[in-house]
Amino acid sequence: MPPEERNSQRSHPDVSGRQFLYPTRFETLVYASQVLQAEAIRYGVEHWRANRGRCMGSLYWQVNDCWPVASWSSLDYYNRWKPLHYYAKNFYAPLLCSAADAQGLVSLRVCSEQLRVQKCTVYWQLRGAQDAVLLEGQQTVDAQPLSVTPAGTVDCASWLTEKAQRQTVYLCYWMETEAGCTPVSVLLFCKPKHFRFAAPELSLSVQEQEDAFILTLAAEHMAKYVWLDSPDFDFILSDNCLDIVPGRPAVLILKKSDISRAVQADELKHLDTLCAYDIR
């Protein structure tokens with residue numbers, strides 16, 4: 001059954017139902033609501049940063065909670081990071097690569113809060129069914145200080161003429177600077193509840209170092225909003241609630257000092273994972 005039909009059978013006035021299939025489990029309801037919050041704030045901040053001059057800054061409400069409650073906060077009462085807090089680390093980074101879609105014409109831009117010129121290379125891939133690469137390209141730009149620098153335009157319109165295409169085609173992009181690569185971002189051309197996600201078949205490997213664990217997370221098919229968690233202990237990763245595409249695994253750092261108790265590497269290999277595919 002197509003995703004949009006499944007969603008129509010679960011109609012609900014809650015705003016999360018406008019974006020996601022309405023969850024049938026409490027676990028995915030909590031997850032979907034937090035992803036929705038993170039996406040909403042990200043959308044606003046990236047728009048405002050791209051309109052520097054008309055908007056010279058932003059703050060979001062709220063950072064933390066003084067009691068255990070469901071709220072707008074990005075840190076809960078126990079100082080555990082929600083998806084929004086991880087998102088904020090990226091959308092408020094001094095160098096940000098973002099994308100804006102206008103009916104299949106996608107503009108890439110680099111927003112800089114730095115005081116010097118920074119050379120950046122922006123990479124992109126348009127992928128279709130079974131994650132096949134339809135188009136790809138890259139552009140190197142000198143990101144100007146305290147400015148927004150265009151990084152190319154991708155014309156995806158010819159690949160989006162049919163409804164089925166808009167439900168299977170996506171654009172992924174990332175940026176490389178002297179500091180390394182930014183996380184991959186995936187732009188969908190329809191609401192997540194209509195996208196025909198394939199089972200991502202996630203795999204997680206762990207390497208132990210003296211003061212940290214290195215986690216490598218890979219996917220056989222595109223996975224959006226991948227969230228790692230554990231019911232047995234709390235932790236703060238270098239990144240979480242992230243997009244992963246085949247061929248570009250995410251390498252995450254977990255400092256031992258950021259775990260609520262001592263753990264073994266084998267325990268981390270069995271962390272719980274959730275992604276958009278699981279919201280059903």
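## E46 and its surroundings

In this predicted model, E46 is in contact with F91, L96, S98 and R109, once its neighbours within four places in sequence are set aside. E46 sits in helix α2. It is a buried residue, with a relative accessible area of 8%. That figure falls under the 20% cut-off, so E46 counts as buried despite its acidic side chain.

E46 also takes part in a network of salt bridges with E39 and R42. D211 is remote from this site: E46 and D211 are 165 residues apart in sequence and 34 Å apart in space, C-alpha to C-alpha.

## Helix α3

Helix α3 is mostly covered, with seven of its nine residues buried. These are P83, L84, H85, Y86, Y87, A88 and F91. They pack against α2, β1 (95-102) and β11. F91 is also one of the contacts of E46.

H85 belongs to α3. Its relative accessibility is 16%, so H85 counts as buried. Beyond residues up to four places away in sequence, H85 touches Y60, V63, S74 and L75.

## The loop between α2 and α3

Q62 lies in the loop between α2 and α3. The peptide bond leading from W61 to Q62 is cis, with omega near 5 degrees.

Y78 is in the loop between α2 and α3 as well. Is Y78 buried or exposed? Y78 is exposed, at 53% relative accessible area. Together with W67, V69 and Y77, Y78 forms a nonpolar patch on the surface. The accessible area of this patch is about 460 Å² in total.

## Nonpolar cores

The largest nonpolar core holds 54 residues. Which members touch the most others? They are F213, L215 and L268. Helix α2 (residues 26-50) supplies the largest share of this core, seven residues. Another core lies apart from it, with 22 residues, including L95, A151, L171 and L187. In soluble globular proteins, nonpolar side chains tend to be buried together.

L268 shows how the largest core draws on separate stretches of sequence. Outside its neighbours within four places, L268 is in contact with L204, V206, F213, L215, F233, L254 and V263. F213 and L215 thus appear both in this list and among the members that touch the most others.

## Salt bridges

The salt bridges come to 13. One of them joins the side chains of R25 and E27, at 2.7 Å from N to O. R25 is partly exposed, at 40% relative accessibility. E27 is partly exposed too, at 41%.

Another salt bridge pairs R49 with E113, and the closest N and O atoms are 4.0 Å apart. This pair links distant parts of the chain. R49 is in helix α2, E113 is in the loop between β2 (105-112) and β3 (118-127), and 64 residues separate them. R49 counts as buried at 10% relative accessibility, whereas E113 counts as partly exposed at 38%.

R116 and E178 meet in a salt bridge of 2.4 Å, N to O. R116 lies in the loop between β2 and β3 and E178 in the loop between β6 (170-177) and β7 (180-181), so the bridge ties together parts 62 residues apart in sequence. R116 is partly exposed, at 42% relative accessibility. E178 is exposed, at 60%.

## Backbone with positive phi

E201 has a phi near 50 degrees, a positive value in a residue other than glycine. E201 is found in the loop between β8 (185-188) and β9 (202-208).

Y225 is not a glycine either, yet its phi is positive, at about 60 degrees. Y225 lies in strand β11 (residues 223-229). At 3% relative accessible area, Y225 is buried.

## The chain as a whole

The protein chain has five helices and 14 strands. Its radius of gyration is 19 Å, close to the 19 Å that the globule rule gives for 280 residues, so the chain is as compact as a globular protein of that length. Along its principal axes the C-alpha trace spans about 50 × 45 × 35 Å.

Buried residues make up 46% of the 280. Of the contacts between residues at least 6 apart in sequence, 60% join residues at least 24 apart. The chain exposes about 14500 Å², and carbon and sulfur atoms supply 51% of that area.

Methods: Residues are numbered from 1 along each chain as its sequence is written. This is a predicted model: local features need pLDDT of at least 70, side-chain atom pairs count only at pLDDT 80 or more; totals for chains, interfaces and linings use all residues. Side-chain values use heavy atoms; hydrogens and water are left out. A nonpolar core is a set of buried Ala, Val, Leu, Ile, Met, Phe, Trp, Tyr and Cys residues joined through side-chain atoms within 4.5 Å. Buried means under 20% relative accessible area, exposed over 50%, partly exposed in between (1.4 Å probe, protein chains only). Helices (H or I, at least four residues) and strands (E, at least two) are DSSP runs, numbered from the N terminus. Contact means heavy atoms within 4.5 Å. Patches are made of residues with over 30% relative accessible area and no salt bridge: like charges are joined within 9 Å, nonpolar side chains (Val, Leu, Ile, Met, Phe, Trp, Tyr) within 5 Å. Accessible areas come from the Shrake-Rupley method with a 1.4 Å probe; for residues, only the protein chains shown count as cover. The radius of gyration is taken over C-alpha atoms; the globule rule is 2.2 Å times the number of residues to the power 0.38.
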